[in-house]
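Hello,

Here is the structure I promised to pass on to you. Have a look at it first, and then read on for what turned up.

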Amino acid sequence: MITRFAPSPTGPLHLGHAFSALTAQDMARAAGGTFLLRIDDLDQSRARPAWEAQLKDDLRWLGLDWPEPCRRESEHSTEYHAALDLLWQQGLLYPCSCTRRDIRDALSAPQESAPLTGPDGLVYPGTCRPAHTPTGPRPRDATLRLNIRRACAIGPAPFTETGAGPLAETGLIATPRARMIEGIGDVVLSRQGMGAAYHLAVVVDDAAQQITHVVRGEDLFDATRIHALLQRLLGLPTPVYHHHALIRDDAGKRLAKRDDARAIALFRAEGRSPADIRAMVGLTSSAP
């Protein structure tokens, strides 16, 4: 078993991060496997060395360890470009010039129901989707979207779920084509000025590191539907997925990096122990 934790160095680690990282490490240790740390620093405009140093220090304080050097996404653009080239050659990508405001405006017209939200927010309405497959070389600095209709023509891309999932779905999960098209849509796989986007990078990274079990929050369950599809399109193995419940604040809202009051560094400054953090997130004992 090989698990991983892949934080972005853009802010402090909070209790939710601690729960996910500890769960991934505990699962690997219990199986005699390996836990890896990966740095999601694709967005260089927000990534900061100081935050990376802090998150590593917090994780070590919690009792986690991992092989060094850890994989840094900013150092693997060649691998992401190769994956994008493969998808482009299959006719599954197209350039998109829409801004977030363009998408909101396109979806603001009166309709029978509210716009759907997917892994990337509002489900893209298809404004830039071409009627025919784009030809020529792949644009090297453009936002590229996955044509979900054409991608789903390959058939189902199931994955195995061992957690609870947001709908208590476990076992082999196969997402209906209509759910992919209507509820997820044409997600972004490459961003102008940034290169590979999250959905593409995480799939390439997991395959490169031979991740066997992906442990993460249930808020990423729909993203996993996309990732399983990309794995099939790219000829990559599909890990087992384990989506866990989210750590929430007193109002029931899931924690985010803006929740500095629940940052691990502040709990450390207050004199809390790693055992205290485990208890706060419902992990009352260490893995063997």
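A polar contact here is a pair of N or O atoms within 3.5 Å, where one must be able to donate a hydrogen and the other to accept it. Please keep in mind that this is a predicted model.

With that cut-off, the side chains of Thr238 and Gln231 make a polar contact, at 2.9 Å. Thr238 is in the loop between H8 and E13. Its relative accessible area is 35%, so Thr238 counts as partly exposed. Setting aside residues up to four places away in sequence, Thr238 touches Pro158, Phe159, Ala228 and Gln231. One of these partners, Phe159, is 79 residues away along the chain, yet the C-alpha atoms of Thr238 and Phe159 are separated by 6.7 Å.

Before more detail, the overall picture. The protein chain has ten helices and 13 strands. Of its 288 residues, 48% are buried. Taking contacts between residues at least 6 apart in sequence, 77% join residues at least 24 apart. The pair Thr238 and Phe159, 79 residues apart, gives one example of how distant stretches of the chain come together.

Now to helix H8, which I looked at in some detail. It covers residues 221-234, and at 1.5 Å a residue those 14 residues should span 20 Å; the end C-alpha atoms are 20 Å apart, so the expected and modelled values agree. How many of the 14 residues of H8 are buried? Twelve of them are, so to speak, under cover, and the helix is mostly covered. Among the buried residues are Phe221, Ala223, His227, Ala228, Leu230 and Gln231. Two of these, Ala228 and Gln231, are touched by Thr238. Just after the helix comes Gly235, with a positive phi near 70°.

The start of H8 brings us to the aromatic residues. The count of aromatic pairs comes to two. In one of them, Phe159 and Phe221 meet edge-to-face, with 5.7 Å from centre to centre and 65° between the planes. Phe159 belongs to strand E8 (residues 159-161) and Phe221 to helix H8, so this pair ties together parts that are 62 residues apart in sequence. Both Phe159 and Phe221 are buried. What is the arrangement of the rings of Phe159 and Tyr241? Their centres are 5.6 Å apart and their planes are at 80°, so this pair is edge-to-face. It links distant parts of the chain, since Phe159 is in strand E8 and Tyr241 is in strand E13 (residues 240-244), 82 residues apart. Tyr241 is buried, as is Phe159. Through these ring pairs, Phe159, Phe221 and Tyr241 are linked into a cluster.

H8 also meets helix H7. His199 is located in H7, which runs over residues 198-208. Is His199 buried or exposed? Its relative accessibility is 3%, so His199 counts as buried. The side chain of His199 makes a polar contact with the side chain of His227, at 3.0 Å, and His227 is one of the buried residues of H8. Beyond its neighbours within four places in sequence, His199 is in contact with several residues, including Ala223, Ile226, His227 and Leu230. Its other contacts include Pro119, Asp120, Val187, Val188 and Leu189.

Val188 leads on to the sheets. There is an open sheet of four strands in the order E4-E7-E10-E11, with antiparallel pairing. Its edge strands are E4 (93-95) and E11 (195-196), each of which pairs on one side only. Strands E7 (residues 144-146) and E10 (residues 188-191) pair in the antiparallel sense over two bridges, and Arg145 stands opposite Val188 in E10. Arg145 has another partner to look at: its charged end sits over the ring of Tyr124, 3.8 Å from the ring centre.

Elsewhere, strands E1 (residues 2-5) and E2 pair in the parallel sense over four bridges. Thr3 stands opposite Phe35 in E2. Strand E2 (residues 34-39) is mostly covered, with five of its six residues buried.

If you open the model, the cluster of Phe159, Phe221 and Tyr241 may be a good place to start.

Best wishes

Notes:
Residues are numbered from 1 along each chain as its sequence is written. Side-chain values use heavy atoms; hydrogens and water are left out. The expected span of a helix is 1.5 Å times one less than its number of residues. Buried means under 20% relative accessible area, exposed over 50%, partly exposed in between (1.4 Å probe, protein chains only). Rings of Phe, Tyr and Trp (its six-membered ring) pair if their centres lie within 6.5 Å; planes under 30 degrees apart count as stacked, over 60 as edge-to-face and the rest as tilted. A charge sits over a ring if NZ of Lys or CZ of Arg is within 6 Å of the ring centre and within 35 degrees of the ring normal. Contact means heavy atoms within 4.5 Å. Two strands pair if DSSP finds at least two bridges between them.
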